[in-house]
Amino acid sequence: NWSRPVPDPPDGWQFRIADIEVRPPVVTAQTGVTGSPEPNGRRTDWEKANAASRKLGKQGEQFVVDLERRHLFEIHRADLADRVEWVSQSQGDGLGYDIRSFENDGTDKFLEVKTTRGPGGAAFYVTANEVTCSNVYQNSYCLYRLFEFGHAPQLFRLRSEERRVGKEC
């Protein structure tokens, strides 16, 4: 299961963004019906599944906080690294982003983190609040998609196409 928490999560301080970043997968329109033609009944403990997913999400957010801080230290911006805020922990979830970090020039950067143990092309949910937040913060907003988190973490970063031109997250 791709949404199970990782027993021993990777440490973001041990990675550089440039070493684990890949291009986002190409999105194509899907046609037809996938899966089994016959419905299969199963019992799901949704409370347990949601708790596991929340724990994995928290692990991914911690990873990105550390990854961002390391990056800022490496570009000699310790003043900014010390101010990276894990807002989903300090202020609560629901702001539309998980982490407030900084661009190299010191401007704000609002990060939403989506984590999976699965492949980069695995689907993920984006809430209406996250979409609204991305529109409000525009160029300052970025979604970090962490994948293969269980053994060899990789990530891609997303902005809308018109906002991505000439500026990375």
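Helix α2 gives more residues to the lining of the largest pocket than any other element, eleven in number. This is a predicted model, in which local features need pLDDT of at least 70, side-chain atom pairs count only at pLDDT 80 or more, and totals for chains, interfaces and linings use all residues. Residues are numbered from 1 along each chain as its sequence is written, and side-chain values use heavy atoms, with hydrogens and water left out. The protein chain has six helices and four strands, both taken as DSSP runs numbered from the N terminus (helices are H or I with at least four residues, strands are E with at least two).

**The largest pocket**

- The volume of the largest pocket is about 1,100 Å³. A pocket here is an open set of points on a 1 Å grid over the protein atoms alone, where a 1.4 Å probe fits and protein lies on both sides within 12 Å along at least five of seven lines. The grid points are joined across faces, edges and corners, and the volume is the space filled by probe spheres set on them.
- Lining residues are those with an atom within 4 Å of a point. There are 35 of them around the largest pocket, and Ser53, Arg54, Gly57, Thr115 and Tyr125 are the closest to its centre.
- Two or more lining residues come from each of α2 (46–74), α4 (87–90), β2 (108–115) and α5 (128–137).
- By type, the lining splits into eleven nonpolar, 13 polar and eleven charged residues. In this scheme Ala, Val, Leu, Ile, Met, Phe, Trp, Tyr, Cys and Pro are nonpolar, Asp, Glu, Lys and Arg are charged, and the others, Gly among them, are polar.
- Ser53 sits in helix α2, and it rates as partly exposed because its relative accessible area is 36%. The cut-offs are under 20% for buried and over 50% for exposed, with partly exposed in between (1.4 Å probe, protein chains only).
- From Ser53 to Thr115 the C-alpha distance is 8.9 Å, with their positions 62 residues apart in sequence.

**The chain overall**

- Read from the N terminus, the order of elements is α-α-α-α-β-β-α-β-β-α.
- The chain has 169 residues, and 36% of them count as buried.
- Its accessible surface is about 10,500 Å², with 49% belonging to carbon and sulfur atoms. These areas come from the Shrake-Rupley method with a 1.4 Å probe, and for residues only the protein chains shown count as cover.
- Take the contacts (heavy atoms within 4.5 Å) between residues at least 6 apart in sequence: 65% of them join residues at least 24 apart.

**The strands**

- β1 (residues 99–102) pairs with β2 in the antiparallel sense over four bridges; strands count as paired if DSSP finds at least two bridges between them. Ile99 stands opposite Leu111 in β2.
- Five residues separate β1 and β2 in their hairpin, and Gly106 in the turn has a positive phi of about 95 degrees.
- β2 and β3 run parallel, joined by six bridges, with Phe110 opposite Tyr141 in β3.
- Seven of the eight residues of β2 are buried, so the strand is largely enclosed by the rest of the structure.
- β3 (residues 141–147) and β4 (residues 154–158) are antiparallel partners over five bridges, and Leu146 stands opposite Leu155 in β4.
- The β3 and β4 hairpin has six residues between the strands, and Glu148 there takes a positive phi near 50 degrees. Glu148 is partly exposed, at 22% relative accessible area.

**Residues worth a look**

- Glu21 is in the loop between α1 (17–20) and α2, and with 29% relative accessibility it counts as partly exposed.
- Although Glu21 and Leu155 are 134 residues apart along the chain, their C-alpha atoms are separated by 4.9 Å. Setting aside neighbours within four places in sequence, Glu21 is in contact with Leu155 and Arg157.
- Gln59, in helix α2, is buried at 11% relative accessible area. Not counting residues up to four places away in sequence, Gln59 touches Pro5, Val6, Pro9 and Phe149.
- His76 lies in the loop between α2 and α3 (78–81) and is exposed, with a relative accessible area of 72%. Its phi is near 65 degrees, a positive value in a residue other than glycine.
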